Amino acid sequence: MTIIISSFYPFSKLKNKQLENLLKISEIVEYKKDDVIYSEGDKPNYFYFLVKGRVVAVSIIDAKPKKIELIRKGTSFGIISIFTGQPHSVTAKAIEKSRVVRIEKEKFKMLLKKIPFLAFDFSVMLSKRVKKRTNVPKRIFQSISTMVLILDDYKKSLLFMSRLV
């Protein structure tokens with residue numbers, strides 16, 4: 001498993017001893033197709049890293065499930081809830097047989113304290129993922145009669161918000 005984990009960024013930056021410590025606090029969990037890894041609203045108990053398979057992040061919007069992100073091998077997930085302490089905002093579900101490395105929340109936080117560059121690297125990765133998702137205008141329905149248009153251009157978004165007030 002060391003070879004597999006060390007082939008993915010940011011774990012590829014770890015020294016052998018750091019990788020060994022990572023594996024000591026990790027567990028490998030196999031999920032079958034359609035297994036739910038965690039549900040929207042669950043407390044964040046683990047950090048997850050997909051080493052095999054695919055997982056979909058789904059949220060219920062207007063009483064219908066909406067795909068938020070397709071998670072591929074080499075991607076971490078569940079980490080935003082660990083950083084914020086908030087319940088999961090999506091449901092993570094395996095869409096094929098998948099293998100996940102997971103680390104208990106407190107052990108993961110200790111790992112980040114011991115290896116601070118990992119916290120920075122995860123923050124950069126998350127920022128890129130969020131930016132990728134919000135780089136184009138998107139529509140979010142807050143209710144049937146209200147729609148907010150998110151604009152990536154700062155001036156346009158300020159103008160838009162001032163018109164709502």
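Phe-122 is buried, with a relative accessible area of 0%. This is a predicted model, and I will start from that residue and work outwards.

Phe-122 sits in helix H5, residues 116–134. Which residue does its ring pair with edge-to-face? The partner is Phe-11: the ring centres are 5.9 Å apart and the planes are at 65 degrees, which is over the 60 needed, so the pair counts as edge-to-face. Phe-11 belongs to the loop between helix H1 (2–6) and helix H2 (16–24). The two residues are 111 residues apart, and their pair links distant parts of the chain. Phe-11 is buried as well, with a relative accessible area of 1%.

That pair is part of a wider group. Phe-8, Phe-11, Phe-47, Phe-49, Phe-108 and Phe-122 form one aromatic cluster. For the protein, the count comes to 11 aromatic pairs.

Now the sheet. Four strands make an open sheet in the order E1-E8-E3-E6, with antiparallel pairing. Which strands are at the edges? They are strand E1 (26–31) and strand E6 (75–77), each of which pairs on one side only. From one strand to the next, the twist averages 30 degrees.

Strand E8, residues 98–104, is the one to look at next. E8 pairs with E1 in the antiparallel sense over six bridges, and with E3 in the antiparallel sense, also over six bridges. On the E1 side, Glu-27 stands opposite Arg-102 in E8. On the E3 side, Lys-52 stands opposite Arg-99 in E8. Why is E8 described as largely enclosed by the rest of the structure? Because five of its seven residues are buried.

Helix H4, residues 105–114, lies across strand E3 (46–52) and E8. The helix runs at about 75 degrees to E8.

Arg-102 comes up a second time, with an aromatic ring. Arg-102 lies over the face of Tyr-46, at 3.9 Å from the ring centre.

Last, the confidence. The mean pLDDT of the protein is 80, and 77% of its residues reach 70 or more. Where does pLDDT stay under 50? That happens over residues 137–165, for which the model has 25 contacts beyond four places in sequence. Where pLDDT is low, the predicted coordinates should not be read in detail.

To recap: Phe-122 and Phe-11 are in one aromatic cluster, and E8 pairs with E1 and with E3.

Technical notes: Residues numbered from 1 in each chain as written. Predicted model: local features only at pLDDT ≥ 70, side-chain atom pairs only at ≥ 80, totals over all residues. Heavy atoms only, no water. pLDDT = per-residue confidence, 0-100. Contact = heavy atoms within 4.5 Å. Phe/Tyr/Trp six-rings, centres within 6.5 Å; stacked < 30°, edge-to-face > 60°. Buried < 20%, exposed > 50% of the residue type's maximum accessible area, 1.4 Å probe, protein only. Lys NZ or Arg CZ within 6 Å of the ring centre and 35° of its normal. Pairing = 2+ DSSP bridges. Axes fitted to C-alpha atoms, helices over the stretch in contact; angles between N-to-C directions.
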